[in-house]
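Trainee: I have just opened a new structure and would like to learn how to read it. Could you walk me through some features?

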Amino acid sequence: MEFIVITGPTFFDAESKIAKALESFDGIELRLDMFRSYTKAELEEIVARCQEKGKKVIFTLRSQKGGGAFSKSYAQLEEKIFEISLLSPTYLDVESSLSADLFQNLSHAKVIASFHDFEKTPIRLEEILTLMQKKNAYGYKLCTTALDESDAFRMLSLVHKKSKEGMNLIGLCMGEKGKVTREDGLKVGNYLNYRILSSRDKVAGGLIFA
């Protein structure tokens, strides 16, 4: 699946990209941590539009430590994630470091537990994936920084292996050296891929334009 990342800053500003994405791609990821504001009604309308068109939507609220823009406490982050989960998006991207209680309470959407490393691609990727395991997680997103091409190919190898085992895994590398994971990831079993329609939505190095 191909998803378009949309960062706002408001739904009015993002409308043309949302419309194009819902016509031509499998779904959208709304990086709500980067929106200046949003209302429950706006989120409900987006969920309804996606459902009407047979498309999917990911709601993502990411902390600053996790590479996002949500600047309040983790308790407030978890409260907000629970609130938006009640609107029944297709998926919720939730940092794997958040509490087990939060994961267990997210019953209105498919939960993707995510991990980001903005400095490197660790050697023991499979061990990290094991540590990310959460009750109630539908899938996993492992996103690291490729310092050379071998990092990207190690990530693709892990994706291939885990997809064969039946895991819903998104394995991507940030940076120029990691672009192959975005260009070829779906071929080896990546559960989904992310693209952008404008430079404003470039939330990670290596993201490619649709």
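Mentor: Gladly! A disulfide is a covalent bond between the sulfur atoms of two cysteines. Searching the whole structure for disulfides (cysteine sulfur atoms within 2.5 Å) turns up zero. Bear in mind that this is a predicted model, where local features need pLDDT of at least 70, side-chain atom pairs count only at pLDDT 80 or more, and totals for chains, interfaces and linings use all residues. Residues are numbered from 1 along each chain as its sequence is written, and side-chain values use heavy atoms, with hydrogens and water left out.

Trainee: Why is Cys143 not bonded to Cys173?

Mentor: The two sulfurs are 7.4 Å apart, too far for a bond, and Cys173 holds the closest cysteine sulfur to that of Cys143.

Trainee: Is Cys143 buried or exposed?

Mentor: Cys143 is buried, with 3% relative accessibility. Buried means under 20% relative accessible area, exposed over 50%, and partly exposed in between, using a 1.4 Å probe and protein chains only. Cys173 is buried too, at 0%.

Trainee: How should I read a helix, say H6?

Mentor: Helices (H or I, at least four residues) and strands (E, at least two) are DSSP runs, numbered from the N terminus. H6 covers residues 149-164 and reaches 23 Å from its first C-alpha to its last, close to the 22 Å expected (1.5 Å times one less than its number of residues).

Trainee: Which residues of H6 are buried?

Mentor: They are Asp151, Ala152, Met155, Leu156, Leu158, Val159 and Lys162. Seen down the axis, these buried residues fall within an arc of 160 degrees (taken from the directions from the helix axis to the C-beta atoms), so they line one face of H6. Their cover includes strands E6 and E7 and helix H5, where contact means heavy atoms within 4.5 Å.

Trainee: And how do I find empty space?

Mentor: Rolling a probe the size of a water molecule over the atoms shows where empty space is left. On a 1 Å grid over the protein atoms alone, a cavity is a set of points where a 1.4 Å probe fits but cannot get out, while a pocket is an open set with protein on both sides within 12 Å along at least five of seven lines; lining residues have an atom within 4 Å of a point. The largest pocket is lined by 18 residues, and H3 gives the most, with three.

Trainee: How many residues line the largest cavity?

Mentor: There are 17, with Arg62, His116, Lys141, Val203 and Ala204 nearest its centre.
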